Structure formats: C-alpha cells, structure tokens
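User: Hey, got a minute to walk through a model with me? I'd like to start with the nonpolar side chains.
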Amino acid sequence: MVQNLKDLAGRLPAGPRGMGTAPKLLLGAGAVAYGVRESMFTVEGGHRAIFFNRIGGVQQDTILDEGLHFRIPWFQYPIIYDILARPRKISSPAVLSRPQCSRAS
C-alpha cells in the first residue's frame, strides 16, 4: 500500500523544492474533491431544473425533478425554477356589505 502511494506520488509533477509525498497527495485529493463537488447539485422540493449547455444552449428535452443530479462542470449549468403554486390576494374596488332587513320592506 505504501509503495503504491509512493509510486503514485512519483508520477505527479514535481512541485517546489522540498515538497514531499504528503503535500502532493493532499493537493491531488483536494483537486478530486473540488471536481466531485462541482459536478453535483440538488433540486429542492417544489422546484424543477433544466440544463444550459455552453455548447448547445438550453436542453429543452431534459426537465429535472427534485433530488440529487450530476452535471459536467464548466460546460453545463442548471437553471432552477420554483413551480410552487402561491395564493394571491385579490382586492376588489367594490365594497360589499350585508343588506339591512329593516330597509328591505
């Protein structure tokens, strides 16, 4: 196991003088973690998403439901829409009142 890690570190490009195996592996692990983090996104409940692709534009045939989704970093961007129905308060200019029974006769 240790020999495999040393072989992997030996294949990495040489860093500044005095840079050992551990910083090289830490830098490589950080780059991999950043790439994985950038390739995932979440669509929350009550939302939908579509992809914008830098090469082909909006992919209209792909509508993503809620949940965890993957994308190609730096080429695809999710556009997330809120689709929840919201109640609206409608105000009326007319003033409504109850009829008075004494005036009805």
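User: Which residues make up the largest nonpolar core?
Analyst: This is a predicted model. Its largest nonpolar core has five residues, namely F41, V43, A49, F51 and L64.
User: Which strands supply at least two residues of this core?
Analyst: Strand 1 (40-43) and strand 2 each do. In general, nonpolar side chains tend to be buried together in soluble globular proteins.
User: What is F41 in contact with, leaving aside its neighbours within four places in sequence?
Analyst: A49, F51 and L64 are among its contacts. F41 also touches G67, L68, H69, F70, R71 and P78.
User: OK, switching to the sheet. What's the strand order?
Analyst: The order is 3-2-5, in an open sheet of three strands with antiparallel pairing. Strand 3 (57-64) and strand 5 (76-82) each have a single partner strand, so each has one side without a neighbour in the sheet. From one strand to the next, the twist averages 30°.
User: How many bridges join strand 2 to strand 5?
Analyst: Seven, with strand 2 covering residues 47-53 and the two running antiparallel. As one landmark, R48 stands opposite Y81 in strand 5.
User: And Q76, buried or exposed?
Analyst: Q76, which is found in strand 5, has a relative accessible area of 11%, and buried means under 20%, so Q76 counts as buried.
User: What does Q76 contact, leaving aside its neighbours within four places in sequence?
Analyst: Q76 is in contact with F51, F52 and N53, plus Q59 and R71.

Terms used. Residues numbered from 1 in each chain as written. Predicted model: local features only at pLDDT ≥ 70, side-chain atom pairs only at ≥ 80, totals over all residues. Heavy atoms only, no water. Pairing = 2+ DSSP bridges. Helix = DSSP H or I, 4+ residues; strand = E, 2+ residues; numbered from the N terminus. Axes fitted to C-alpha atoms, helices over the stretch in contact; angles between N-to-C directions. Buried < 20%, exposed > 50% of the residue type's maximum accessible area, 1.4 Å probe, protein only. Contact = heavy atoms within 4.5 Å. Core = buried A, V, L, I, M, F, W, Y, C linked by side-chain atoms within 4.5 Å.
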